[in-house]
Amino acid sequence: MKANIGLTEEQKQSSSLILGRILADEFLLYTKTRNYHWNIESVNFLAMHEFYERLYNELDEVFDEVAERIRMLGHYSQGRLKDFLQVTSLLEEEYTNDQKKQLKILLDDHETIIRLLRNDIDTLEDNHDKGNADFVTGLMEKHEKWAWFIRSYLV
């Protein structure tokens, strides 16, 4: 059954494509964060191990919510790694166990996502999709906070 929520099929398709890229970005960032959690070596190992765990747990909730938003529009959420890699705006990195390098990569990714989400909000608002514009605004605010946390470690 089609979602009758005040958006045209074209508007729902456009919003789903935006959310699909966001889903891919969030999943790739989750995977990087989990990898760093597994491979950190540092004098403050336990603190970083726990910090990364907190981040990836929060990201797990985020990408689940993004996928559900896509389903609310009546579209299917992608879920294969190869699909995510085709649409993500982020890059996979070489393995590293260096804390500073890990944090710098994560900071760059969060800041990339923040910039993209700002543009997505404008596009969603232009598309009259206020619900998803508000949802994406909340995501942007989460990434701004996470970027601030990460920046604090890089002082």
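R21 is buried, with a relative accessible area of 15%. This is a predicted model, and the burial of R21 is a good place to enter it. The cut-off for buried is under 20% relative accessible area, so 15% qualifies. Side chains of opposite charge can pair when their charged atoms come close. Which side chains does R21 meet in salt bridges? One is D25, with 3.0 Å from N to O. Another is D120, where the closest N and O atoms are 2.7 Å apart.

Take D25 to begin with. R21 and D25 are four residues apart in helix α1, which spans residues 9-39. That spacing means they are separated by about one helical turn. D25 is buried too, at 2% relative accessibility.

Now take D120. R21 forms its salt bridge with D120 across a long stretch of chain: R21 lies in helix α1 and D120 in helix α4, residues 99-126, so the pair ties together parts that are 99 residues apart in sequence. Both R21 and D120 are buried.

Helix α4 holds a salt bridge of its own. The side chains of K104 and D108 meet with 2.7 Å between N and O. Both residues lie in α4, four residues apart, about one turn of the helix. Are these two buried or partly exposed? K104 is partly exposed, with a relative accessible area of 42%. D108 is partly exposed as well, at 33% relative accessibility. Salt bridges that share partners join R21, D25 and D120 into one network. The count of salt bridges in the model comes to eleven.

Next, the nonpolar side of α1. L23 is found in this helix. L23 is buried, with a relative accessible area of 2%. Which residues does L23 touch, leaving out those up to four places away in sequence? They are F63, V66, A67, I70, S77, Q78 and F84. L23 can also be placed relative to D108 of the K104 salt bridge. L23 and D108 are 85 residues apart in sequence, and their C-alpha atoms are 18 Å apart in space.

Now the helices as packed units. Two packed helices are described by the angle between their axes and the distance between the axes. Start with α1 and helix α2, residues 45-72. Their axes come within 9 Å and cross at roughly 160°. That makes α1 roughly antiparallel to α2, because the angle is over 145 degrees. The crossing of α1 past α2 is left-handed. What classes of residue make up this contact? There are 16 nonpolar, five polar and five charged residues.

Helix α1 also packs on helix α5, residues 130-153. Here the angle is about 20°, and the axes are 12 Å apart. The two helices are therefore roughly parallel to each other; the cut-off for that label is under 35 degrees. Again α1 passes its partner in a left-handed crossing. From α1, the contact draws on S15, L19, I22, E26 and L29. From α5, it draws on N132, F135, V136, L139 and H143. By class, six of the residues in this contact are nonpolar, three are polar and one is charged.

Before α5 comes a loop. H128 sits in the loop between α4 and α5. What is the backbone value to look at there? Phi of H128 is near 65°, a positive value in a residue other than glycine. H128 counts as exposed, at 55% relative accessibility, because the cut-off for exposed is over 50%.

The last pair is α2 and α4. Their axes come within 12 Å and cross at roughly 20°. That makes α2 roughly parallel to α4. The crossing of α2 past α4 is left-handed. On the α2 side, the contact uses M48, F51 and Y52. On the α4 side, it uses Q99, Q102, L103 and L106. By class, this contact has five nonpolar, two polar and no charged residues.

To return to the start: R21 in α1 pairs with D120 in α4, and R21, D25 and D120 form one network.

Note on methods. Residues numbered from 1 in each chain as written. Predicted model: local features only at pLDDT ≥ 70, side-chain atom pairs only at ≥ 80, totals over all residues. Heavy atoms only, no water. Salt bridge = Lys/Arg side-chain N within 4 Å of Asp/Glu carboxyl O. Buried < 20%, exposed > 50% of the residue type's maximum accessible area, 1.4 Å probe, protein only. Contact = heavy atoms within 4.5 Å. Axes fitted to C-alpha atoms, helices over the stretch in contact; angles between N-to-C directions. Parallel < 35°, antiparallel > 145°, perpendicular 65-115°, else oblique. Left-handed = near helix turned anticlockwise from the far one by under 90°. Nonpolar A, V, L, I, M, F, W, Y, C, P; charged D, E, K, R; others polar.
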